[in-house]
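Biologist: Please take a close look at the part of this model built around its main nonpolar core. Then place that part against the rest of the structure.

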Amino acid sequence: MNIEIEELSPCRRKLSITVPAEEVTQEYDEALKSWIKHANIPGFRPGRAPAHLVKARHNKDIVERLRDHLLPKSYREAIDTHKLEVVQILDMDEEISVKPGEDMSYSITVDIKEDFSLPEYKGISLKKQTAEVADEEVDKQIDELREQRATFEDIDDRAICRGDMAQIDFTATLDGAPLLEAVPEAVGLDKGDDFWIQADENAFIPELGEGLAGMNIGDSTDINVKFDDKFAVEALRGKEVDFNVTVKNIRARVLPEIDEEFIKPFQVKDADEFRAKIRDSIQSQKDQGEQNRLRREIEKFLLDNTTLELPESAVNEAADRQIRRIINDMSQQGMPEAQIMEQKDAIVEAAKGSAANNVKLRYILLKIADAEKITVIDADLKREMSMMAYAYGMKPADLEKELGDNNAKEEFRGDILMRNTLQQLFDLATISE
Amino acid sequence: MKPAHQVIDTILLTEKGTVLTEQHNQYIFKVYPSANKNDIKTAVESLFKVHVTDVRTMNRIGKKKRERRPNYGRTSAWKKAVVTLKEGDTIDLT
């Protein structure tokens, strides 16, 4: 077999493969022989018809079978003899003529994975940043928890403070005329009775909420509100509206004390233990963050210290996958399609940028895995797949079937292998405080 | 003498026929029932440019066929001829 390799780009090769006539003839005869065994020709029992009759009737089919057999065989032989690691087949001759007694030649363009040398990956030196938990952080966390459980109490002895809830009656006017007459779209904003509103910027009209501060029960005043460009009712944007407001009730936000009832759900004995528990949880969060940072450092080290040409098709494919994932995530979060389309260019740009690094990292890690003989055992794969299935709300068996159909199982195995390898590198690294 | 196309219908390619050809240099033809051995001999000789040493014929009665009701009919009757050629002569069937 004659193989010529043309280098189109660092990672792209054009293979011209010629299978000699003798081999084609030999393979044809074998194909014919196997066809005769089953050929059903009138006048003959199956398998008894003479070769020339079978040939006359089924030549087309036989040649097709021959091609289906010869093409992969010769291709595999070609990549085996030249030790090419093919990532993807890009292009192939469409019409390949196969005739017994003639050479069969065709060309095929493939993207290959280049062989590259790994940096010294054992004992990567990393600097650990010790993460101390400050008392203020614990306080902040506890305050947030208290905020979440805040209750409201009716009060009448003081004016409205920020964060209180106020019950108000209001009527709105635009340039002296009732709002609804001027802007028919502003239904519900024109007036309200016994309306509860939060007295800060979280109110449905932030300026109205802020303007309430300092008022007492029974007070009434005019508050001028200028709607900004982002207000939900389009017709009101940029308009100045006067709200005549009367305060009827005030409720103050009361934060719960850290008492037995408050700490009960945390399963701790007393306030000190509660504090310690909060501190622990912040600490473990920080530790996890630090671990992740160190892993990213390792990834960065590998990326920076390896020179490697990447096959274009693999990068494109990774980018495509990423784009699909981003869009999928967005639509799952309920983002409307029009908005996604608006951001299309930014998404594509972001995906392309990270795709090249992802592919490179994958190659490096898989090569290290090979060198270190790290493998993924089937039990691990099964477990990971079950976890993923539950995350998607599927049955593990269904997911496995889907992955198997899409040939994505190997990809998935690769992902796990990458993670394991990274963990191995992390264990091998020299970490200084 | 009848012209060849009124004598020979077709060459029969069957398993039995191939065996006869291999072992006895004989060929099987489907011929018109009205053709006699002399007609067949001349027709084969003139068509294929060979020498015929022997012709044996047999009348094949049409097969009995039934419709959905037991309403019997028959397929056409036909005549088969086994023609032996002089040693060395062949007919190319491919």
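Modeller: Of the 433 residues of chain A, 34% count as buried. This is a predicted model, and the values below are computed from it. Chain A holds 13 helices and 12 strands. Among its contacts between residues at least 6 apart in sequence, 70% join residues at least 24 apart.

The part you ask about is the largest nonpolar core, which has 32 residues. Those with the most contacts inside this core are Ile17(A), Val24(A), Val54(A), Ile62(A), Met104(A), Tyr106(A) and Ile108(A). Two strands and two helices of chain A each give two or more residues to the core: β2 (12-19), β4 (104-112), α1 (21-36) and α2 (51-81). The most comes from α2(A), with 10 residues. In soluble globular proteins, nonpolar side chains tend to be buried together.

Tyr106(A) shows how such a residue is surrounded. Leaving aside residues up to four places away in sequence, Tyr106(A) touches Leu15(A), Ser16(A), Ile17(A), Leu71(A), Ser74(A), Tyr75(A), Asp93(A) and Ile96(A).

Both core strands belong to an open sheet of 4 strands in chain A, with the order β1-β2-β4-β3 and antiparallel pairing. At the edges are β1 (2-9) and β3 (86-92) of chain A, each pairing on one side only. Neighbouring strands of this sheet are turned by 30 degrees against each other on average, direction ignored. Between β2(A) and β4(A), which run antiparallel, there are 8 bridges. One of the residue pairs is Leu15(A) with its bridge partner Ile108(A) in β4(A). In general, strands of a sheet pair through backbone hydrogen bonds, either parallel or antiparallel.

Apart from the largest core lies another core, of 29 residues, among them Ile197(A), Leu236(A), Val247(A) and Ala252(A). Leu236(A) is also touched by Leu179(A), a residue of helix α4 (residues 179-182) of chain A. Leu179(A) has a relative accessible area of 1% and is therefore buried, the limit being under 20%. The C-alpha atoms of Leu179(A) and Leu236(A) are separated by 9.9 Å, while the two residues are 57 residues apart along the chain. Besides Leu236(A), Leu179(A) touches Ala172(A), Thr173(A), Leu174(A), Ala186(A), Leu189(A), Asp190(A) and Val241(A), again not counting residues up to four places away in sequence.

Further along chain A, helix α11 (residues 378-392) has 15 residues and reaches 21 Å from its first C-alpha to its last, close to the 21 Å expected at 1.5 Å a residue. Its buried residues are Leu381(A), Glu384(A), Met385(A) and Ala389(A). Seen down the axis of α11(A), these buried residues fall within an arc of 140 degrees, so they line one face of the helix. An α-helix has 3.6 residues a turn, so residues three or four places apart point the same way. On the face of α11(A) turned away from the buried side are the exposed residues Ala379(A), Tyr390(A) and Ala391(A).

The backbone on either side of α11(A) can be described too. After α11(A) comes Gly393(A), with a positive phi near 70 degrees. Lys373(A) is in the loop between α10 (344-371) and α11 of chain A. Phi of Lys373(A) is near 55 degrees, a positive value in a residue other than glycine. Lys373(A) is exposed, with a relative accessible area of 69%.

Chain B also has a residue of this kind: Asn25(B) has a positive phi of about 55 degrees although it is not a glycine. Asn25(B) lies in the loop between α1 (15-24) and β2 of chain B. Asn25(B) is buried, with a relative accessible area of 15%.

In chain B, strand β2 (residues 26-31) is joined to β6(B) by 6 bridges, and the two run antiparallel. Val31(B) stands opposite Lys79(B) in β6(B). Strand β3 (residues 52-60) of chain B is joined to β6(B) by 8 bridges, also antiparallel. There, Val52(B) has Leu85(B) of β6(B) as its bridge partner. Of the 8 residues of strand β6 (residues 78-85) of chain B, 7 are buried, so the strand is largely enclosed by the rest of the structure.

Definitions and conventions
Residues numbered from 1 in each chain as written. Chains lettered and ligands numbered in written order. Predicted model: local features only at pLDDT ≥ 70, side-chain atom pairs only at ≥ 80, totals over all residues. Heavy atoms only, no water. Core = buried A, V, L, I, M, F, W, Y, C linked by side-chain atoms within 4.5 Å. Buried < 20%, exposed > 50% of the residue type's maximum accessible area, 1.4 Å probe, protein only. Contact = heavy atoms within 4.5 Å. Expected span 1.5 Å × (residues − 1). Arc of directions from axis to C-beta. Pairing = 2+ DSSP bridges. Axes fitted to C-alpha atoms, helices over the stretch in contact; angles between N-to-C directions.
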